[in-house]
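This report is an introduction for a reader who is meeting the structure for the first time. Please look over the sequence and the model before reading on.

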Amino acid sequence: MNYEYGLLGYPLGHSFSRAYFNNKFATEGIDAEYLNFELPNVDGLPQLLAEHPRLRGLNVTIPHKQAVIPFLDELSPEARAIGAVNVIRITQGGLHLKGFNSDIIGFVESIRPLLKPHHKRALVLGTGGASKAICHGLEKLRIEWRYVSRKASALTGGASGESFTYSDITPALLADYTVIVNCTPLGMYPHIDTSPELPYAALSEHHLLYDLVYNPDITQFMRQGRRFGATVKNGLEMLHLQARASWNFWNGKD
């Protein structure tokens, strides 16, 4: 019997996951298929499970990483600590759902080789499910972090309780925060001309800009960083590392 796996989110036009996993299945002779499940509301998950009895695992993306948690029977310790899920293992014929978080794995392993001794403080742009995993990853890397959001009401505090709105980000502040991680969808296909509002001219070769967006390859955020000498990286390697971790979670290697 060929099993099904899939991606749960909305919208999904930007995603490479389906092609990645179906290529993996074909290359490795795995009798399975990966599907996109574009649900604007996570309340449709029970019906989705009923309609796909062969479903054995899901990846979860924007905007459902937090909203999906009440539908789950169990959380891994890391997913519980982060408060966000991006992998679901489905067992007992769809009756038992366990949530995991592979964002932290992909992020830590992909950014670690780029870090220098002066990379001690980070700005995390956005406060959604992905940003929570990134903050936990930064803590593992012993990097102090602060959230940045459009509205002060969205801020839940950085490592020492202080966070910023975009209007707070000055050239002087950027001199102290030399790692910037974009956890927002700004710049993601098809809205490729958008980017977070930052004083990019204050960047230098001491800065590292990491964008979770991977489509397009070079986002406006990254382009601005390159313009002023910063090291930049997109989220594609993180995606591949997450995918590997997802497969292990789905198959009980946790």
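How much area does the chain expose, and what share of it do carbon and sulfur atoms supply? The model is a predicted one, and in it the chain exposes about 11,800 Å², of which carbon and sulfur atoms supply 50%.

**The chain as a whole**

The chain is built with eight helices and 12 strands, and 52% of its 254 residues count as buried. Its radius of gyration is 18 Å, which agrees with the value near 18 Å that a compact globule of 254 residues would have. Taken along the principal axes, the box that the C-alpha atoms fill is roughly 60 × 35 × 30 Å. When contacts between residues at least 6 apart in sequence are considered, 64% of them join residues at least 24 apart. As for charge, the chain has 24 positive and 24 negative side chains, and the centres of these two sets lie 5 Å apart.

**Strand β5 and its partners**

Strand β5, which covers residues 87-91, is largely enclosed by the rest of the structure, because four of its five residues are buried. The table sets out the strands to which β5 is joined.

| Partner strand | Residues of partner | Bridges to β5 | Direction | Partner of isoleucine 88 |
|---|---|---|---|---|
| β3 | residues 55-60 | three bridges | antiparallel | leucine 58 |
| β6 | residues 96-100 | five bridges | antiparallel | glycine 99 |

Isoleucine 88 of β5 thus appears in both pairings, as the bridge partner of leucine 58 and, towards β6, as that of glycine 99. In a regular strand the side chains alternate between the two faces of the sheet. Strands β5 and β6 also form a hairpin with four residues between the strands, and in this hairpin glutamine 92 takes a positive phi near 55°.

**Threonine 61, in the loop after β3**

Where is threonine 61 found? Threonine 61 is found in the loop between β3 and β4, the latter being residues 74-75. Although placed in a loop, threonine 61 counts as buried because its relative accessible area of 15% is under the cut-off of 20%. If its neighbours within four places in sequence are left aside, threonine 61 is in contact with Leu7, Leu8, Gly9 and Leu12.

Terms used. Residues are numbered from 1 along each chain as its sequence is written. This is a predicted model: local features need pLDDT of at least 70, side-chain atom pairs count only at pLDDT 80 or more; totals for chains, interfaces and linings use all residues. Side-chain values use heavy atoms; hydrogens and water are left out. Buried means under 20% relative accessible area, exposed over 50%, partly exposed in between (1.4 Å probe, protein chains only). Helices (H or I, at least four residues) and strands (E, at least two) are DSSP runs, numbered from the N terminus. Two strands pair if DSSP finds at least two bridges between them. The radius of gyration is taken over C-alpha atoms; the globule rule is 2.2 Å times the number of residues to the power 0.38. Contact means heavy atoms within 4.5 Å. Accessible areas come from the Shrake-Rupley method with a 1.4 Å probe; for residues, only the protein chains shown count as cover. Lys and Arg count as positive and Asp and Glu as negative; His and the chain ends are not counted. The place of a charge is taken as NZ of Lys, CZ of Arg, CG of Asp or CD of Glu.
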